[in-house]
Amino acid sequence: MKKIVFSLSIGLVSSVSFGQMVNNSKIYVSPGAVMSVNQEVVNNGEINNEGNLHLRNNLKNNANLSSKGNVIVDGDGSQRFSGKSVDVSNIKSENDLNLET
């Protein structure tokens, strides 16, 4: 019985995790495509969006982010964009968005 309880408790602890998406290369979202990121995004490379990019957490842009498509900011609470400037044609925010340089 002890082994079963121990296994179950490890499974419950490991299911709770936090992370971030770190981009060190190129990401391209083509027209009509949808990319949704639930974790914080740290962009050290290049993000080129021509589709729908859903950002559900903070963005730290250290490099190039350009969007001719839609950027949808739809996290659970207020979100922060920081770092270098971004070139975005269409942005929709469903909550508070704090812009920092």
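Helices here are DSSP runs of H or I of at least four residues, and strands are runs of E of at least two, both numbered from the N terminus. On that reckoning, the predicted model comes out with 1 helix and 11 strands. Going along the sequence, the order is simple enough to read off as α-β-β-β-β-β-β-β-β-β-β-β. The chain runs to 101 residues, and 29% of them are buried. Contacts at a separation of 6 or more can also be split by distance along the sequence: just 4% of them join residues 24 or more positions apart.

Strand pairing gives a handle on how some of these elements sit together. Strand β2, residues 26–29, pairs with β5 in the parallel sense, with 4 bridges between them. β5 also pairs with β8, again in the parallel sense and over 4 bridges. One residue of β5 can be followed through both pairings: N49 is the bridge partner of V29, and N49 in turn has S67 as its bridge partner in β8.

How do the side chains of β5 divide between its faces? In a regular strand the side chains alternate between the two faces of the sheet. Strand β5, residues 46–49, does just that: I47 and N49 point to one face and are buried, whereas E46 and N48 point to the other face and are not buried.

I47 turns up again in the largest nonpolar core, a set of 10 residues made up of V37, V41, I47, L53, L55, L59, L65, V71, V73 and F81. Two elements, β6 and β8 (64–73), give two or more residues to this core. The largest share is that of β8, with 3 residues.

V41 is another member of that core. Setting aside neighbours within four places in sequence, V41 touches M21, I47, L55, N58, L59 and K60. A little further on is N43, which lies in strand β4, residues 40–43. Is N43 buried or exposed? N43 counts as buried because its relative accessibility is 0%. With neighbours within four places again left out, N43 is in contact with N23 and with K60, N61, N62, A63, N64 and L65.

As for empty space inside the model, a search of the whole structure turns up 1 cavity of 30 Å³ or more. The largest cavity holds about 30 Å³ of space. Its lining consists of M21, I27, M35, V37, V41, I47, L53 and L55. β3 (34–37) and β6 (52–55) each put at least two residues into that lining. By class, the cavity lining has 8 nonpolar residues, with no polar and no charged ones.

The largest pocket has about 250 Å³ of space. Of the 18 residues that line this pocket, F81, K84, S85, V86 and L99 lie nearest its centre. F81 is also part of the largest nonpolar core. Which elements supply at least two residues each to the pocket lining? They are β6, β7 (59–61), β8, β9 (79–83), β10 (87–93) and β11 (97–99). Among these, β9 gives the most, with 3 residues. The make-up of the pocket lining is mixed, with 11 nonpolar, 5 polar and 2 charged residues.

Definitions and conventions
Residues numbered from 1 in each chain as written. Predicted model: local features only at pLDDT ≥ 70, side-chain atom pairs only at ≥ 80, totals over all residues. Heavy atoms only, no water. Buried < 20%, exposed > 50% of the residue type's maximum accessible area, 1.4 Å probe, protein only. Contact = heavy atoms within 4.5 Å. 1 Å grid on protein atoms, 1.4 Å probe; cavity = no way out; pocket = protein on both sides within 12 Å on 5 of 7 lines; lining within 4 Å. Points joined across faces, edges and corners; volume = space filled by probe spheres on them. Nonpolar A, V, L, I, M, F, W, Y, C, P; charged D, E, K, R; others polar. Core = buried A, V, L, I, M, F, W, Y, C linked by side-chain atoms within 4.5 Å. Pairing = 2+ DSSP bridges.
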